[in-house]
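Visitor: I've got a sequence and a model open at the bench. Could you walk me through it, one question at a time?

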Amino acid sequence: MVKKEDLEAVHFKADNRARINLHLLGIAFTAFTLIVTLKPELLRDYTLLGLQLALSIPLFITSTLCRVNQFSKESNKHWNNLAYITFLLAYSMLVNVLGILLALFVSIGLSMLFFVMNVLLAMLYSYFGVRFNRAELKSRLYKDIFFIIILILLGVLPSLMV
């Protein structure tokens, strides 16, 4: 039987994740609106940039709705998995968009530093997660590998014009 305190902690965590999703959704929507308003040719000329920015919006919305439904449905694990997958895709795409914009408007060096810092901080986050809960090792490893592959293929390589 699940303790009331444990259930409250899980609800608190899911609520905070939904809030983070909403904030990131606001950032993605604002970036999309600014680009469309100020320099719409960026979305046309850099298809991967436009595609990732546009897709991050419905992915963040889906992740948020899954977090909300997570406790109103019987299949909590399925909602949690879908929420995480859509969040990871949306977050990776948003990071890629920012990195590509840095490469286009500031410098390749700063863009690469941005990507490297994102990878290092994700690994640091995973290190602490695994340090306090060894059972998370396999899950964190898969999540980090997936995140890094998305950053390299859809962020780093396009930033380098490869």
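Guide: Sure. One definition to start: the expected span of a helix is 1.5 Å times one less than its number of residues. Also keep in mind that this is a predicted model.

Visitor: Okay, how far apart are the end C-alpha atoms of α3, and what should its 23 residues span?

Guide: The rule counts one less than the number of residues, at 1.5 Å each. For the 23 residues of α3 that gives an expected span of 33 Å, so the model agrees with it: the end C-alpha atoms of α3 are apart by 33 Å.

Visitor: Is A54 buried, exposed or partly exposed?

Guide: A54 is found in helix α3. Buried needs under 20% relative accessible area and exposed needs over 50%. A54 comes in at 33%, so the label is partly exposed.

Visitor: And which residues of α3 are buried?

Guide: The cut-off here is under 20% relative accessible area. Going along α3, the buried residues are L49, G50, Q52, L53, S56, I57, L59, F60, S63, T64, C66 and R67.

Visitor: How far is A54 from A31 in space?

Guide: Along the sequence, A54 and A31 are 23 residues apart. In space, C-alpha to C-alpha, the distance between A54 and A31 is 9.9 Å.

Visitor: What about L24: which residues does it touch, beyond those up to four places away in sequence?

Guide: L24 sits in helix α1 and is buried, because its relative accessible area is 13%. Its C-alpha atom is separated by 9.3 Å from that of S56, 32 residues apart along the chain. As for touching, with residues up to four places away in sequence not counted, the partners of L24 are F60, F87, Y91 and L94.

Visitor: Let's do pockets. Which residues are closest to the centre of the largest pocket?

Guide: The largest pocket has a volume of about 1,000 Å³. It is lined by 33 residues, and the closest to its centre are R17, Y84, Y125, R140 and K143.

Visitor: Which element gives the largest share of that lining?

Guide: The elements that give two or more residues to the lining of the largest pocket are α1, α3, α4, α5 and α6. By class, the lining has 15 nonpolar, 10 polar and eight charged residues. The largest share is nine residues, and they come from α4.

Visitor: R140 came up there. Which side chain does R140 join through a polar contact of 2.9 Å?

Guide: R140 lies in helix α6, and at 9% relative accessibility R140 is buried. Leaving aside neighbours within four places in sequence, R140 is in contact with Y84, Y125, S126 and V130. The polar contact of 2.9 Å joins the side chain of R140 to that of S126.

Visitor: Is S159 buried or exposed?

Guide: S159 is also a residue of helix α6. Not counting residues up to four places away in sequence, S159 touches G99, I100, A103, I108, S111, M112 and F115. The relative accessibility of S159 is 2%, so S159 counts as buried.

Visitor: Last one: what is the phi of M161, roughly?

Guide: M161 is placed in the segment after α6. With a relative accessible area of 55%, M161 is exposed. M161 is not a glycine, yet its phi is positive, at about 60°.

Definitions and conventions: Residues numbered from 1 in each chain as written. Predicted model: local features only at pLDDT ≥ 70, side-chain atom pairs only at ≥ 80, totals over all residues. Heavy atoms only, no water. 1 Å grid on protein atoms, 1.4 Å probe; cavity = no way out; pocket = protein on both sides within 12 Å on 5 of 7 lines; lining within 4 Å. Points joined across faces, edges and corners; volume = space filled by probe spheres on them. Helix = DSSP H or I, 4+ residues; strand = E, 2+ residues; numbered from the N terminus. Nonpolar A, V, L, I, M, F, W, Y, C, P; charged D, E, K, R; others polar. Buried < 20%, exposed > 50% of the residue type's maximum accessible area, 1.4 Å probe, protein only. Contact = heavy atoms within 4.5 Å. Polar contact = N/O pair within 3.5 Å; in protein donor to acceptor, adjacent residues only side chain to side chain.
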